[in-house]
Amino acid sequence: MYLGKSSKIMKKLLLKLILTLGTVITLTLMGISASQAATFNFAWSGSGSYLAKGSFSYNERTAPAIFSENGPGKTHVLQSLKISFFDPFNNVIASYNNVVNGISNTNYFKFNFNTVTQEIFGSIDLGGEVAGETYLSGTVNHNLSLFQVPQSDSDFRLDTNSGDIVVKIVPEPSTWFLSAL
């Protein structure tokens with residue numbers, strides 16, 4: 001008789017645990033799928049084997065079909081933009097956070113994005129801007145070059161390409177989480 005009572009208590013505890021876990025999982029998934037941030041990775045490869053890799057994010061619910069950002073200060077749409085540059089041996093030569101929490105911190109910053117086609121377009125200028133720093137600048141689908149800013153004289157071109165830059169969306173956590181189930 002004692003074993004029966006213990007078994008009922010265990011069943012009730014197990015049922016409460018299952019219901020609690022189910023509620024937590026449901027609330028978590030609802031929170032993840034309600035995410036408003038769209039995050040993208042991008043990459044540029046120069047003809048001399050230098051690389052640029054970065055990521056950016058914006059609120060997909062409030063973003064227009066096409067947006068442009070430039071200069072320092074509060075951005076219109078972008079929430080973040082990071083970029084790193086690599087030499088031909090895949091060593092990091094520089095990394096920058098051009099936009100942090102919706103604030104651009106570089107004078108020459110330029111970025112254009114089409115949210116419908118998910119493409120960077122037009123003139124861009126990403127990275128550093130003072131002596132010793134590195135930046136990627138030019139026109140997408142025309143000519144993009146990687147420059148280094150010297151202590152004096154003109155900026156030095158490290159590498160260039162025909163303007164190709166690859167953009168890929170980063171899947172939302174709920175997408176990869178649910179596909180893993």
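**Exercise 1. The β5/β6 hairpin**

In this predicted model, work out in which sense strands β5 and β6 pair, and over how many bridges.

*Solution.*
Step 1: locate the strands. β5 covers residues 78-86, and β6 covers residues 92-100.
Step 2: read the pairing. The sense is antiparallel, over six bridges.
Step 3: fix the register with one bridge. S84 has S95 in β6 as its bridge partner.
Step 4: inspect the turn. Five residues sit between the strands of this hairpin. There, N90 takes a positive phi near 70°.

**Exercise 2. From β6 to β7**

Find which residue of the β6 and β7 hairpin takes a positive phi.

*Solution.*
Step 1: place the partner. β7 spans residues 103-104 and pairs with β6 in the antiparallel sense over two bridges.
Step 2: pick a facing pair. I103 in β7 stands opposite V100.
Step 3: look between the strands. This hairpin has two residues there. N101 has the positive phi, near 50°.

**Exercise 3. The sheet order**

Give the strand order of the seven-stranded open sheet and name its edge strands.

*Solution.*
Step 1: write the order. The sheet runs β4-β7-β6-β5-β2-β1-β14, with antiparallel pairing.
Step 2: take the edges. β4 (73-74) and β14 (166-169) each pair on one side only.
Step 3: set the sheet in context. The protein has two helices and 14 strands.

**Exercise 4. Classifying aromatic pairs**

Classify the pairs F56 and F111, then F67 and F113, and explain what each one ties together.

*Solution.*
Step 1: count. The protein has 13 aromatic pairs.
Step 2: take F56 and F111. Their centres are 4.9 Å apart, with 65° between the planes. An angle over 60 degrees counts as edge-to-face, and this pair is edge-to-face.
Step 3: place these two rings. F56 lies in strand β2 (residues 51-59) and F111 in strand β8 (residues 110-114), so the pair links parts that are 55 residues apart in sequence. Both F56 and F111 are buried.
Step 4: take F67 and F113. The centres lie 6.0 Å apart and the planes are at 55°, a tilted pair.
Step 5: place them too. F67 belongs to strand β3 (residues 66-70) and F113 to strand β8, so this pair ties together parts 46 residues apart in sequence. Both F67 and F113 are buried.
Step 6: assemble the cluster. F40, F42, F56, Y58, F67, F111 and F113 form one aromatic cluster.

**Exercise 5. A charge over a ring**

Which ring has K53 over its face?

*Solution.*
Step 1: identify the ring. K53 lies over the face of F86.
Step 2: check the distance. The value is 5.3 Å from the ring centre, and the cut-off is 6 Å.

**Exercise 6. The core**

Determine which residues have the most contacts inside the largest nonpolar core, and which strands supply this core.

*Solution.*
Step 1: recall the trend. In soluble globular proteins, nonpolar side chains tend to be buried together.
Step 2: size it. This core has 31 residues. Buried residues make up 35% of the 181 residues in the protein.
Step 3: name the hubs. F56, Y58, F111, F113 and I120 have the most contacts inside the core.
Step 4: trace the supply. β1 (37-45), β2, β5, β6, β8, β10 (123-127) and β12 (143-148) each give at least two residues.
Step 5: follow one hub. Leaving aside neighbours within four places in sequence, I120 is in contact with F42, F56, F111, N112, F113, V140, I165 and V167.
Step 6: widen the view. Of the contacts between residues at least 6 apart in sequence, 46% join residues at least 24 apart.

Methods: Residues are numbered from 1 along each chain as its sequence is written. This is a predicted model: local features need pLDDT of at least 70, side-chain atom pairs count only at pLDDT 80 or more; totals for chains, interfaces and linings use all residues. Side-chain values use heavy atoms; hydrogens and water are left out. Two strands pair if DSSP finds at least two bridges between them. Helices (H or I, at least four residues) and strands (E, at least two) are DSSP runs, numbered from the N terminus. Rings of Phe, Tyr and Trp (its six-membered ring) pair if their centres lie within 6.5 Å; planes under 30 degrees apart count as stacked, over 60 as edge-to-face and the rest as tilted. Buried means under 20% relative accessible area, exposed over 50%, partly exposed in between (1.4 Å probe, protein chains only). A charge sits over a ring if NZ of Lys or CZ of Arg is within 6 Å of the ring centre and within 35 degrees of the ring normal. Contact means heavy atoms within 4.5 Å. A nonpolar core is a set of buried Ala, Val, Leu, Ile, Met, Phe, Trp, Tyr and Cys residues joined through side-chain atoms within 4.5 Å.
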